[in-house]
Structure formats: C-alpha cells, structure tokens
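Visitor: I am new here. Please show me around, and tell me how each label is earned.

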Amino acid sequence: LVQGGRHIEVQIVADVHGNVFSVGCRDCSVQRRHQKVIEEAPPTGLSDEVRDQMTTAAVRLAKSVGYVGVGTVEFLVSGTAPNFLEINPRLQVEHGITEEVTGLDLVELQIRIGRGESIAELTWEERGVAIEARVCAEDPDEGFLPSPGRVVVFDPALGPHLRLDSGVATGTQVPSDFDSLIAKLIAKGADRDEARARLVCALRDFELVVKGGATNKGYLLELLESEPYREGAVDTRWLDHWNAARDADGVRNVEDAADALVAASILAYQQARSAARSNFYVDTSRITRDRVPPSEGQEIDL
C-alpha cells in the first residue's frame, strides 16, 4: 500500500521493429477521488535520478512484453521510491502536455507505428513547462455532481502558448450519460510559474455558459491560485483534503456572489421581457388590452 504518493506517468512510443523510447514524464497527482483535475509536464521537484529510474523501467517493460504503439506507464512515487502502478496501451487524455513540451505529435506517431514505419531516428528536445486544466460540466459546490445542459456561450481565450482541445461549440448539448469533460485548456511557459499564470489568465478569459447546468471554471481558478498548488509537488491525497477544508470554510468567492446574482437576475428579466414582446407582436390583428403583459416585478430563482 502506497499512501500519499505522487502519480507520475511516463510516455512511451514503440514500433514493430523493436525501437522503444520514453518521451517525457507527466505529474497527474492533482486528483479528486482518483479523477485527474490538473496535469503538468515535466513533474516539478522530481529528481533526475528518480525520473531516470522510471523511464528506464518503462522502456524495459515495453520491450519485455513486445509492446507496439503509443502508451503510458504509470507509477506512484513515495519519497524517492517509484512503484509500478499500471500501463495504459493508448493515448491518454493528457497527452497534449507532453506534445507541448517535446514538440512531438503523438497522434502522428501512433499512425506511423500502425503503418509499420520505423521510429529509430526519432529525436526531440524537452523545453518549458505545460499545465492542463480539465474544464467540465459539473458543480463543485454540489459535491461535483455532473451538471449537463446546452452550451450557450463558448468563447475560449486563444493566444501564444495556449492550446484548447475540445469537441464542443455553441449549441452543443452536454449529455448526462457520458463524461462531463467540455475542454482541455493547456498553457505553456518557460517555467512552471509562467505556465500557471498563463493558464489562470486563459481560464478567466474563457467565456463559457452551460444553460441548465454549471461548470468548474471558477473552482479551477481557485485551485490554481492556492498556495499549496503554487508550491508544487503535491500527492494524490492533497486535493481531497483541500476540498474538505474548502467545504468546511464555506469559501465560495462570496465577494463576487452579489454581483453575479444581480447580473443573472437582469439577464433572466431581459429574456422574459423579450419573450413577452415576441408573444405580444406575433399576431398584430388581435391586440387587446388583456394581452398586454402586466407591468409588475418578477421573482427569479437563482
């Protein structure tokens, strides 16, 4: 039993000719009930010795079983001891951060390997730090319950060293039957602080509204700005403890709550007023006094 370990992944690529490479590590320790929330590459605060142990073991494992394809070998690192967890014979959700720091196209490599090509001449250079946030249709303040609905605003921030992976657009219905993931937002920087700051700015500028549902965007911002995350090298149990403390404190960005409620009330009123006007003018041949909507206040539940 490994308690309080860091979840570190090693990306491997292997062809049918026996060539196997490790192309970097990722830290996926920021997890809520074993579900990843934030990932980054390369892992912060991990010694070269421990990293070399894992990458060497990952390559040796892939060779010993004759593995072919792009894959992920996962470890739990307790102190300086890496413990083998599992191997995933596929591309991971977080493969994008490895692509950002290595410059490799892992999807292209998967296709080339599938065609029987040799990757013996594969070269890459790891540069900078990339951090990924999973933007989901869920409500962190209601126990992270899935909160599906229709995406009515989807205007992500775009710019240098930002990447958005998503199959969602304005009008998309986020279903209740499947994964609530809306988008993966990735920011790259020369170092971890720069990547984190860029991701925070991108999330703030990401205009996203799920009608009838909710998103975890505000929660992600709160998490990225927290002191323990800024310091880095957290273990897999940290986020659950942080969430418990957050719930106990009852901190819910209360300084913004009043403004948000007023803005939502105004929008709800404007929508109701627009609908009333449309209904009134739909048939101008039958305009009577009783069809005029009463001019009185509204009660709006938020």
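**Sheet and helix**

Guide: In this predicted model, Val 73 stands opposite Ile 87 in β5.

Visitor: What makes β4 and β5 a pair?

Guide: Two strands pair if DSSP finds at least two bridges between them. Seven bridges join β4 to β5. They therefore count as a pair, and they run antiparallel.

Visitor: Which strands form the open sheet, and in what order?

Guide: There are eight, in the order β5-β4-β1-β2-β3-β6-β12-β10. The pairing is antiparallel.

Visitor: Why are β5 and β10 called edge strands?

Guide: Each of the two, β5 and β10 (162–166), pairs on one side only. From one strand to the next, the twist averages 25 degrees.

Visitor: What packs on the sheet?

Guide: Helix α7, residues 238–249, does. It touches β2 and β3. Its direction makes about 20 degrees with that of β2.

Visitor: How do you know how the span of helix α1 compares with the expected one?

Guide: Helix α1 covers residues 48–64, 17 in number. From first C-alpha to last it reaches 24 Å. At 1.5 Å a residue, 24 Å is expected, so the span is close to that.

Visitor: Which residues of α1 are buried?

Guide: Val 50, Met 54, Thr 55, Ala 58, Val 59 and Ala 62. Buried means under 20% relative accessible area.

Visitor: Why do you say that they line one face of the helix?

Guide: Seen down the axis of α1, they fall within an arc of 165 degrees, so they line one face. Their cover includes β1, β2, β4 and β5.

Visitor: What does the face turned away carry?

Guide: The exposed residues Glu 49, Arg 60, Lys 63 and Ser 64.

Methods: Residues are numbered from 1 along each chain as its sequence is written. This is a predicted model: local features need pLDDT of at least 70, side-chain atom pairs count only at pLDDT 80 or more; totals for chains, interfaces and linings use all residues. Side-chain values use heavy atoms; hydrogens and water are left out. Helices (H or I, at least four residues) and strands (E, at least two) are DSSP runs, numbered from the N terminus. Buried means under 20% relative accessible area, exposed over 50%, partly exposed in between (1.4 Å probe, protein chains only). The arc is that of the directions from the helix axis to the C-beta atoms. Contact means heavy atoms within 4.5 Å. Axes are lines fitted to C-alpha atoms, for helices over the stretch in contact, and angles run from 0 to 180 degrees between N-to-C directions.
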